[in-house]
Amino acid sequence: MLIVGSPVSPYVRKILAILHLKGLDYELDPITPFYGNDEFSKLSPLRRIPVLVDGDLVINDSTVIAEYLDEAYPDVPVLPKGPRERAQARWIEEYADSRLGDLCIWSLFFPKIVAPHVFKRPPDEAAIAKVTDTDLPEAIDWIEERAPAGGFLFGDAVSIADLAVACPLRNAAIAGWTPDPARWPRTAAWLDRIAALPCYARTLSFEPAILATRADGRRAALEAAGVKVAEQSFGADNPRASIMLR
Ligand SMILES: N[C@@H](CCC(=O)N[C@@H](CS)C(=O)NCC(=O)O)C(=O)O
């Protein structure tokens with residue numbers, strides 16, 4: 001199966017961690033969504049990553065992809081068993097995807113890392129400070145109340161909800177913000193346990209191939225990191241503005 005999307009996206013990272021956990025093979029087309037070509041618009045009408053392509057099956061949205069993978073390959077589940085736990089896991093995933101995604105990606109990683117490099121737009125430092133000083137701390141206060149004292153949210157096995165929380169916070173870390181263990185001890189220790197999982201740690205090992213490598217060397221760097229890079233790409237040479245920002 002093919003996954004379209006850069007492994008630096010938190011939503012792609014979540015899917016790659018699940019594929020690793022389940023022991024599934026995949027090829028990666030590591031495009032940044034802003035560099036998607038016209039074919040990418042057909043594949044992903046919101047021009048978002050990740051997209052899963054398996055033969056004639058195309059699935060958009062990381063939550064939908066994760067649930068598909070859990071149903072199609074149930075041996076190592078990422079959703080807990082009971083209906084109550086499943087509903088809780090889905091809600092924490094939704095909170096992470098939308099609220100943490102909004103703060104960590106759109107309000108921090110995008111203006112600090114993506115916009116200056118891709119769109120040559122200077123960062124709004126006052127807006128970024130509001131996110132790191134007020135908005136993210138408030139969100140992590142909410143997370144801290146739910147963070148498990150040991151293990152993971154639903155026991156000894158990692159779930160979609162654990163991964164969903166860790167993934168956007170990884171982008172905040174790349175942009176220079178991590179939860180202070182003195183204020184959020186449970187969250188900080190829980191994130192460390194997730195980071196130590198082989199399925200997740202492997203996704204982090206792909207990052208230098210994107211973040212510290214020129215565009216023309218990324219394919220080789222990813223392959224050196226153990227990624228099967230797809231022959232054909234949905235990438236283009238020039239960036240387009242996000243639908244979100246139009
Ligand atoms: N709800 C979607 C969100 C995906 C998403 O926003 N991906 C970002 C990359 S981190 C993207 O493709 N942004 C490009 C855009 O919105 O133009 C999911 O879970 O897959």
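Here are some worked exercises on a predicted model of a protein structure.

**Exercise 1. How do helix 1 and helix 6 pack, and which residues make the contact?**

*Solution.*

Step 1. Find the two helices: helix 1 covers residues 10-22, and helix 6 covers residues 160-174.

Step 2. Look at the axes of helix 1 and helix 6, which are 9 Å apart and pack at an angle of about 135°. That angle makes helix 1 oblique to helix 6. The crossing of this pair is right-handed.

Step 3. Now collect the residues that touch. Helix 1 supplies Pro10, Arg13, Lys14, Ala17 and Ile18. Helix 6 supplies Ile160, Leu163, Ala164, Cys167, Pro168, Arg170, Asn171 and Ile174.

Step 4. Sort the residues of this contact by class: 9 are nonpolar, 1 is polar and 3 are charged.

**Exercise 2. Are helix 4 and helix 6 roughly parallel or roughly antiparallel to each other?**

*Solution.*

Step 1. Start with the geometry: the axes of helix 4 and helix 6 come within 8 Å and cross at roughly 10°.

Step 2. Compare the angle with the cut-off. Angles under 35 degrees count as roughly parallel, and helix 4 and helix 6 are therefore roughly parallel to each other.

Step 3. See who takes part. From helix 4 come Ala89, Ile92, Glu93, Ala96, Asp97, Leu100, Gly101, Cys104, Ile105, Leu108, Phe109 and Ile113. From helix 6 come Ile160, Ala161, Ala164, Val165, Pro168, Leu169, Asn171, Ala172 and Ile174.

Step 4. By class, the contact of helix 4 with helix 6 divides into 17 nonpolar, 2 polar and 2 charged residues.

**Exercise 3. At what angle do the axes of helix 1 and helix 4 cross, and which residues meet there?**

*Solution.*

Step 1. The axes of helix 1 and helix 4 come within 11 Å, with a crossing angle of roughly 140°. This makes helix 1 oblique to helix 4.

Step 2. On the helix 1 side you will find Pro10, Tyr11 and Lys14, and they meet Glu93, Asp97, Gly101 and Ile105 of helix 4.

Step 3. Sorted by class, the contact of helix 1 with helix 4 has 3 nonpolar, 1 polar and 3 charged residues.

**Exercise 4. Describe the surroundings of Ala161 and Asp70.**

*Solution.*

Step 1. Take Ala161, which lies in helix 6. Its relative accessible area is 0%, so Ala161 is buried.

Step 2. Leave aside the neighbours within four places in sequence, and Ala161 is in contact with Ala89, Ile92, Leu153 and Phe154.

Step 3. Try a distance as well: the C-alpha atoms of Ala161 and Gly23 are separated by 19 Å, and the two residues are 138 residues apart along the chain.

Step 4. Turn to Asp70 in helix 3, which spans residues 62-72. With a relative accessible area of 9%, Asp70 is buried.

Step 5. Apart from neighbours within four places in sequence, Asp70 is in contact with Lys22, Val76, Pro77, Val78 and Leu79.

**Exercise 5. Where are Arg47 and Lys120 placed, and what is the phi of each?**

*Solution.*

Step 1. Arg47 sits in the loop between helix 2 and strand 3. Its phi is near 55°, a positive value in a residue other than glycine.

Step 2. Lys120 belongs to the loop between helix 4 (83-118) and helix 5 (125-146). Lys120 also is not a glycine, yet has a positive phi of about 55°.

Step 3. Check accessibility: Arg47 counts as buried at 10%, whereas Lys120 is exposed at 66%.

Step 4. Stay with the loop between helix 2 (38-43) and strand 3 (51-54), where Pro50 is found. The peptide bond from Ile49 to Pro50 is cis, with omega near 10°.

**Exercise 6. How many disulfides does the structure hold?**

*Solution.*

Step 1. Recall the idea: a disulfide is a covalent bond between the sulfur atoms of two cysteines.

Step 2. Test Cys104. The closest cysteine sulfur is in Cys167, 11 Å away, which is too far for a bond.

Step 3. Test Cys199. Its closest cysteine sulfur is in Cys167, at 9.4 Å, again too far for a bond.

Step 4. Read off the total: the structure holds 0 disulfides.

Step 5. As an extra, note the accessibility: Cys104 is buried at 0%, and Cys199 is buried at 7%.

Technical notes: Residues are numbered from 1 along each chain as its sequence is written. This is a predicted model: local features need pLDDT of at least 70, side-chain atom pairs count only at pLDDT 80 or more; totals for chains, interfaces and linings use all residues. Side-chain values use heavy atoms; hydrogens and water are left out. Axes are lines fitted to C-alpha atoms, for helices over the stretch in contact, and angles run from 0 to 180 degrees between N-to-C directions. Helices (H or I, at least four residues) and strands (E, at least two) are DSSP runs, numbered from the N terminus. Angles under 35 degrees count as roughly parallel, over 145 as roughly antiparallel, 65 to 115 as roughly perpendicular and the rest as oblique. A crossing is left-handed if the near helix is turned anticlockwise from the far one by less than a right angle, and right-handed if clockwise. Contact means heavy atoms within 4.5 Å. Ala, Val, Leu, Ile, Met, Phe, Trp, Tyr, Cys and Pro count as nonpolar, Asp, Glu, Lys and Arg as charged, and the others, Gly among them, as polar. Buried means under 20% relative accessible area, exposed over 50%, partly exposed in between (1.4 Å probe, protein chains only). A disulfide is a pair of cysteine sulfur atoms within 2.5 Å.
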